[in-house]
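Student: Please pick one part of this model and take me through it closely. I would like to see how that part sits within the rest of the chain.

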Amino acid sequence: MRDVNGRTPPSPLVVAASLVAVQGFLLLVYGVLEAAHVHADRAAMGVTTALFFAALGAALLACAWLVVRGRAWARSPIVVAQVMFLGLAWSFLGGATTWVSVVLAVVAVIVLVGLLHPSSVDALSEHDAGTS
């Protein structure tokens, strides 16, 4: 895999983008499943929920692909999503959903570390410097 300048992206960036792609795919699938289970008594809520999750999933998939291709701007929506997932993890903490909290938090932290790793920052900065 190479970025737009023909360089291989650093491993932390690829790991982070891969995890974001999995998150995006799962959110997209959830949006489709939500759309398939819309009932007439909650049609507006069901449709908007399905659209939200599908759009968020598609956006994360696109950003994961673009950040590996060297587009530094795509890192920002990913970071915002990971902060959202950390807040969501906090809300699942305790009781039977603690495992969900741990999974969400661990994945979000790994993604943030991968995106903010010095080699990832350098790779994205080099691309931006080359296109200015």
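**The aromatic cluster and the helices around it**

Tutor: Y30, F52 and F53 are joined by ring pairs into a cluster. The model is a predicted one, and two aromatic pairs are found in it. One of them is Y30 with F53, an edge-to-face pair with 4.9 Å between the ring centres and 90° between the planes. This pair bridges parts of the chain that are distant in sequence: Y30 belongs to helix α1 and F53 to helix α2, with their positions 23 residues apart. F52 and F53 make a pair as well, with ring centres 5.2 Å apart. Their planes stand at 75°, and since over 60 degrees counts as edge-to-face, that is the class of the F52 and F53 pair.

Are these rings buried or exposed? The cut-offs are needed here: buried is under 20% relative accessible area, exposed is over 50%, and partly exposed lies in between. Y30 has 40%, so Y30 is partly exposed. F52, with a relative accessible area of 46%, is partly exposed. F53 has 22% relative accessibility and therefore also counts as partly exposed.

Next comes the helix that holds F53. Helix α2 runs over residues 43-68, which is 26 residues. At 1.5 Å a residue these should span 38 Å, and the end C-alpha atoms are 38 Å apart, so the model agrees with the expected span. The buried residues of α2 include G46, T49, A50, L56, G57 and L60, and further along C63, A64, L66, V67 and V68. Some of that spacing can be read against helix geometry. An α-helix has 3.6 residues a turn, so residues three or four places apart point the same way.

T49, in helix α2, deserves a separate word. Its relative accessibility is 18%, which is under the 20% limit, so T49 counts as buried. The C-alpha atoms of T49 and A16 lie 26 Å apart, although the two residues are 33 positions apart in sequence. L56, another of the buried residues of α2, can be compared with a residue in the segment before α1, namely G6. G6 and L56 are 50 residues apart in sequence, and their C-alpha atoms are separated by 29 Å. G6 has 39% relative accessibility and so counts as partly exposed.

How do the two helices that carry Y30 and F53 pack? Two packed helices are described by the angle between their axes and the distance between the axes. The axes of helix α1, residues 11-36, and α2 come within 7 Å and cross at roughly 160°. Since an angle over 145 degrees counts as roughly antiparallel, α1 is roughly antiparallel to α2. The crossing of α1 over α2 is left-handed. Sorted by class, the residues in this contact are 19 nonpolar, six polar and one charged.

Helix α1 has another partner, α4. Here the axes are 7 Å apart and the packing angle is about 140°. That angle falls outside the ranges for parallel, antiparallel and perpendicular, so by the cut-offs α1 and α4 are oblique to each other. This crossing is left-handed too. Helix α4 itself covers residues 98-116; its 19 residues reach 27 Å from the first C-alpha to the last, close to the 27 Å expected. Buried residues of α4 include V100, S101, L104 and A108, together with V111, L112, G114 and L115.

Just after α2, G70 has a positive phi of about 100°. G70 is in the loop that runs between α2 and α3, the latter being residues 75-92. With 4% relative accessibility, under the 20% limit, G70 counts as buried. From G70 to P12 the C-alpha separation is 13 Å, and the two residues are 58 apart along the chain.

Last, the whole chain. It contains five helices and zero strands, giving the pattern α-α-α-α-α along the sequence. The C-alpha trace spans about 55 × 30 × 20 Å along its principal axes. Of the 132 residues in the chain, 33% are buried.

Technical notes
Residues numbered from 1 in each chain as written. Predicted model: local features only at pLDDT ≥ 70, side-chain atom pairs only at ≥ 80, totals over all residues. Heavy atoms only, no water. Helix = DSSP H or I, 4+ residues; strand = E, 2+ residues; numbered from the N terminus. Expected span 1.5 Å × (residues − 1). Buried < 20%, exposed > 50% of the residue type's maximum accessible area, 1.4 Å probe, protein only. Axes fitted to C-alpha atoms, helices over the stretch in contact; angles between N-to-C directions. Parallel < 35°, antiparallel > 145°, perpendicular 65-115°, else oblique. Left-handed = near helix turned anticlockwise from the far one by under 90°. Nonpolar A, V, L, I, M, F, W, Y, C, P; charged D, E, K, R; others polar. Phe/Tyr/Trp six-rings, centres within 6.5 Å; stacked < 30°, edge-to-face > 60°.
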